[in-house]
Amino acid sequence: MPDTALLIIDMQRALLKDAHDGEACLGRVAGLAERARAAGVPVVYLRQRFDQVPPEWLEVHPTLAPRPGDVVLDKDSADSFLGTALGEVLAGLAVHRLVVTGYASDYCVDSTSRSALSHGYDLVLVADGHTTIERPAGAEPTAAQIVAHHNGIFSVIRYAGRSVAVTPAAEIRFTAPPHSPT
């Protein structure tokens with residue numbers, strides 16, 4: 001069983017409609033999900049809940065729709081570990097390394113990544129697999145600057161006993177479990 005899981009955070013239709021580089025990011029994360037499944041790596045979706053929003057808006061974007069066998073957890077906080085079964089699910093899967101993607105770089109992706117490190121997980125932040133809302137013209141920092149800032153922070157952040165990497169989607173390698181002789 002692989003010791004890695006792919007986290008897909010808040011890649012929901014309503015949230016992504018104004019996301020920076022949204023379509024390209026969706027495509028990269030969808031490709032990662034396919035490669036993870038092919039290697040037997042668990043794919044875990046986190047969905048943000050909101051009051052007074054039509055339920056269909058909170059569905060995972062169709063480009064990334066969960067497949068049978070994927071884990072889907074709802075959350076009420078930017079930290080995907082807080083008030084969810086994420087820790088228990090990962091422990092049950094014997095996961096020690098998280099590959100993190102999602103929305104929004106400066107909220108849920110950041111909070112979950114830091115929490116993962118504090119919970120003892122090694123972390124791979126997918127450099128081009130997270131995004132945030134596009135800001136109005138002239139606003140600073142721009143969405144692109146926010147994504148770059150978080151990549152920069154996680155490329156130098158240190159947690160004792162943990163490995164942290166910021167890696168483009170194309171360079172992420174999931175290892176298929178060895179085939180047992182029949």
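Glutamine 48 is found in strand β2 of this predicted model. With a relative accessibility of 9%, glutamine 48 counts as buried. Leaving aside neighbours within four places in sequence, glutamine 48 is in contact with Asp10, Gln12, Leu58, Lys75, Asp76, Ser77, Ala78 and Cys108.

One of these contacts, Gln12, has its place in the loop between β1 and α1 (13-16). Glutamine 12 is likewise buried, its relative accessible area being 0%. Not counting residues up to four places away in sequence, glutamine 12 touches Leu46, Arg47, Gln48, Trp57, Leu58, Glu59, Val60 and His61. Leu58 thus appears among the contacts of glutamine 48 and also among those of glutamine 12.

## The sheet and its helices

Strand β2, which holds glutamine 48, belongs to an open sheet of 6 strands. The strand order is β3-β2-β1-β4-β5-β6, and the pairing is parallel. Strands β3 (71-75) and β6 (164-167) stand at the edges; each has a single partner strand, so one side of each is left without a neighbour in the sheet. From one strand to the next, the twist averages 20 degrees. In general terms, the strands of a sheet pair through backbone hydrogen bonds, in either a parallel or an antiparallel manner.

Two of the pairings can be described in detail. Strand β1 (residues 4-9) pairs with strand β4 (residues 97-103) in the parallel sense over 6 bridges. Within this pairing, leucine 6 has valine 99 of β4 as its bridge partner. Strands β5 and β6 pair in the parallel sense over 4 bridges, and here leucine 125 has valine 166 of β6 as its bridge partner.

Helix α4 lies across β1, β2 (43-48), β3, β4, β5 and β6, and runs at about 170 degrees to β4. Helix α5 also packs on the sheet, where it touches β5 and β6, and its direction makes about 165 degrees with that of β5. Together, β5, α5 and β6 make a right-handed β-α-β unit.

## Salt bridges

Side chains of opposite charge can pair when their charged atoms come close. In this model the count comes to 11 salt bridges. Three of them are set out below with their closest N to O distances.

| Basic residue | Acidic residue | N to O distance |
|---|---|---|
| Lysine 17 | Aspartate 18 | 3.3 Å |
| Arginine 28 | Aspartate 21 | 2.5 Å |
| Arginine 135 | Aspartate 106 | 2.8 Å |

The partners in these pairs vary in their accessibility. Lysine 17 counts as exposed, at 59% relative accessibility, whereas aspartate 18 is partly exposed, with a relative accessible area of 40%. In the second pair, arginine 28 is partly exposed at 25%, and aspartate 21 counts as partly exposed at 38%.

The salt bridge between aspartate 106 and arginine 135 links separate elements of the chain. Aspartate 106 lies in helix α4 (residues 105-118) and arginine 135 in the loop between β5 (122-131) and α5 (143-156), so the pair ties together parts that are 29 residues apart in sequence. Arginine 135 is partly exposed, with a relative accessible area of 22%. Elsewhere, salt bridges that share partners join Glu34, Arg37, Arg67 and Asp70 into one network.

## Cysteines

A disulfide is a covalent bond between the sulfur atoms of two cysteines. A search of the whole structure finds 0 disulfides. Cysteine 25 is in no disulfide, and the nearest cysteine sulfur, that of cysteine 108, is 14 Å away. Seen from the other side, the closest cysteine sulfur to that of cysteine 108 is in cysteine 25, and the separation of 14 Å is too far for a bond, because a disulfide requires the sulfur atoms to lie within 2.5 Å.

Are these two cysteines buried or exposed? Cysteine 25 is buried, with a relative accessible area of 1%, and cysteine 108 is buried as well, with a relative accessible area of 10%. Cysteine 108 also returns the account to its starting point, as this residue is among the contacts of glutamine 48.

Technical notes: Residues are numbered from 1 along each chain as its sequence is written. This is a predicted model: local features need pLDDT of at least 70, side-chain atom pairs count only at pLDDT 80 or more; totals for chains, interfaces and linings use all residues. Side-chain values use heavy atoms; hydrogens and water are left out. A salt bridge is a side-chain nitrogen of Lys or Arg within 4 Å of a carboxyl oxygen of Asp or Glu. Buried means under 20% relative accessible area, exposed over 50%, partly exposed in between (1.4 Å probe, protein chains only). Helices (H or I, at least four residues) and strands (E, at least two) are DSSP runs, numbered from the N terminus. Two strands pair if DSSP finds at least two bridges between them. Axes are lines fitted to C-alpha atoms, for helices over the stretch in contact, and angles run from 0 to 180 degrees between N-to-C directions. Contact means heavy atoms within 4.5 Å. A crossover is right-handed if, with the strands pointing away from the viewer, the path from the first strand over the helix to the second runs clockwise.
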